[in-house]
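The following explanation starts from a single helix and works outward to the residues packed around it. Keep the structure in view while reading.

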Amino acid sequence: MSIIEQHGDGDTLGGRILRARQAAGLNRVELARHMAVKKSTVQAWESDSREPRSSHMNIMAGVLGVTPTWLLQGVGSSPRGEVEADELRVLKAQLAELEELATSIQTSIVQIRTSMEHLLAAREE
């Protein structure tokens with residue numbers, strides 16, 4: 001267990017709610033809908049101007065895929081691993097697209113070079 005997992009991550013409750021929401025791929029409206037509260041309530045929680053009731057904490061932890069302890073104290077596993085996995089999937093997809101594009105460009109270069117060689121050869125005849 002890392003030191004952060006033992007002693008907290010140093011973030012606020014609102015910061016952890018925001019991070020967990022983003023890691024879960026939800027926007028404020030979606031989280032509010034899951035929690036049966038207004039979007040402004042979620043915004044107030046994330047900005048630390050209001051704290052959720054304990055009943056909301058348990059529901060929110062379940063919706064966001066974290067423990068209530070992590071939300072409250074930053075102790076335990078954070079959702080960062082899930083975000084990193086998502087980021088890695090996005091980067092792999094982008095790399096695959098670029099590799100496909102590079103192959104297509106290389107094919108086009110060969111075709112253009114061949115056409116130019118044919119035109120130059122026909123000109124010399």
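In this predicted model, the buried residues of helix α2 are L13, G14, G15, R16, I17, A20, R21 and A23. That makes 8 of the 11 residues of α2 buried, so the helix is largely enclosed by the rest of the structure. After α2 comes G25, which has a positive phi near 75 degrees.

One of the neighbours of α2 is helix α5. The axes of α2, residues 13–23, and α5, residues 54–64, come within 9 Å and cross at roughly 35 degrees. The crossing of α2 past α5 is left-handed. On the α2 side, L13, I17, A20 and R21 make the contact, while α5 supplies M57, M60 and L64. Sorted by class, this contact has 6 nonpolar residues, 1 charged residue and no polar ones. A general point about helices helps in reading such lists: an α-helix has 3.6 residues a turn, so residues three or four places apart point the same way.

The packing can also be followed through the largest nonpolar core, which has 16 residues. Two or more residues of this core come from each of α2, α3 (28–35), α4 (39–46), α5 and α6 (68–73). Helix α5 gives the most, with 4 residues. The residues with the most contacts inside the core are I17, L31, M60, L64, V66 and L71.

I17 ties these descriptions together. Beyond its neighbours within four places in sequence, I17 is in contact with L31, W45, E46, P52, M60, L64 and L71. Of these partners, M60 and L64 also belong to the α5 side of the helix contact.

Conventions
Residues are numbered from 1 along each chain as its sequence is written. This is a predicted model: local features need pLDDT of at least 70, side-chain atom pairs count only at pLDDT 80 or more; totals for chains, interfaces and linings use all residues. Side-chain values use heavy atoms; hydrogens and water are left out. Axes are lines fitted to C-alpha atoms, for helices over the stretch in contact, and angles run from 0 to 180 degrees between N-to-C directions. A crossing is left-handed if the near helix is turned anticlockwise from the far one by less than a right angle, and right-handed if clockwise. Contact means heavy atoms within 4.5 Å. Ala, Val, Leu, Ile, Met, Phe, Trp, Tyr, Cys and Pro count as nonpolar, Asp, Glu, Lys and Arg as charged, and the others, Gly among them, as polar. A nonpolar core is a set of buried Ala, Val, Leu, Ile, Met, Phe, Trp, Tyr and Cys residues joined through side-chain atoms within 4.5 Å. Buried means under 20% relative accessible area, exposed over 50%, partly exposed in between (1.4 Å probe, protein chains only).
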